[in-house]
Amino acid sequence: MKKMKEFMAEFKKFISRGNVIDLAVGVIVGSAFTAIVNSLVNDVIMPVIGMLFGGIDFTDLRYVITPAAGDTPEAAVYYGNFIQNVVNFLLVAAVVFCMVKAINRFRRKEQAAEPAPAPAPERSEEAKLLEEIRDLLKESR
């Protein structure tokens with residue numbers, strides 16, 4: 001019972017940390033962002049690319065291994081879906097890269113705008129003398 005209480009206390013501490021909450025928010029926003037990118041690719045970009053390649057719908061591209069016969073469906077390799085997913089990945093990666101680049105540029109501007117830390121004040125002659133006396137006393141012991 002004691003181990004269970006310790007486990008629950010540790011779990012509560014872990015789950016209430018800011019990093020876990022930030023990660024959860026990131027996953028939620030990421031899934032919403034994925035829906036937007038999928039719509040951009042499927043509804044805007046791929047039709048244009050298909051038109052450039054002669055009206056091809058990439059999701060229809062497949063290599064039929066065995067055609068359908070009666071109740072047996074065809075066996076095919078749907079490489080068009082693969083092409084579409086590669087385009088999705090490249091677009092998501094490009095957008096994330098641009099976002100990280102913009103965030104880094106913003107951070108550099110913030111750091112440049114911050115005033116430089118003030119130099120440490122010069123120690124007085126009295127402080128220097130007291131330190132020398134202290135060091136001499138340490139050596140003599």
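Two residues are in contact here when their heavy atoms come within 4.5 Å of each other. With that in mind, let's walk through this predicted model, beginning with Gln84.

Setting aside its neighbours within four places in sequence, Gln84 is in contact with Val41, Asn42, Met46, Phe58 and Thr59. Gln84 sits in helix H3, which covers residues 79-113. With a relative accessible area of 8%, Gln84 is buried, because the cut-off for that is under 20%. Gly80, Val87 and Asn88 are buried in H3 as well. The helix itself has 35 residues and reaches 51 Å from its first C-alpha to its last, close to the 51 Å expected at 1.5 Å a residue.

Some of those names come up again in the largest nonpolar core, which is made of five residues: Val37, Val41, Met46, Phe58 and Val87. Helix H2, residues 18-52, supplies three of them, the largest share. Take a look at Phe58 too. Apart from its neighbours within four places in sequence, Phe58 touches Met46, Ile49, Gly50 and Phe53, plus Gly80, Asn81, Ile83 and Gln84.

Now hop over to helix H1, residues 2-15. H1 has 14 residues and reaches 20 Å between its first and last C-alpha, close to the 20 Å expected. H1 is hardly covered, with zero buried residues among its 14. The structure holds one aromatic pair, and you'll find Phe7 and Phe11 in it, stacked at 6.5 Å centre to centre with 10 degrees between the planes. Why might these two line up? An α-helix has 3.6 residues a turn, so residues three or four places apart point the same way. Phe7 and Phe11 are four residues apart in H1, about one helical turn. Phe7 counts as exposed at 51% relative accessibility, while Phe11 is partly exposed at 41%.

Last come the salt bridges, five in total. One of them joins Glu74 to Arg62, with the closest N and O atoms 2.8 Å apart. That pair links distant parts of the chain, 12 residues apart: Glu74 is in the loop between strands E1 and E2, and Arg62 is in the loop between H2 and E1. Glu74 is partly exposed at 28%, and Arg62 is partly exposed at 38%.

Another salt bridge stays within helix H4, residues 125-140, where Glu125 and Lys128 lie three residues apart, about one turn. Their closest N and O atoms are 3.9 Å apart. Glu125 is exposed at 61%, whereas Lys128 is partly exposed at 26%. Together with Glu122, Glu125 and Lys128 are linked in a network of salt bridges.

How values were computed:
Residues numbered from 1 in each chain as written. Predicted model: local features only at pLDDT ≥ 70, side-chain atom pairs only at ≥ 80, totals over all residues. Heavy atoms only, no water. Core = buried A, V, L, I, M, F, W, Y, C linked by side-chain atoms within 4.5 Å. Buried < 20%, exposed > 50% of the residue type's maximum accessible area, 1.4 Å probe, protein only. Helix = DSSP H or I, 4+ residues; strand = E, 2+ residues; numbered from the N terminus. Expected span 1.5 Å × (residues − 1). Phe/Tyr/Trp six-rings, centres within 6.5 Å; stacked < 30°, edge-to-face > 60°. Salt bridge = Lys/Arg side-chain N within 4 Å of Asp/Glu carboxyl O.
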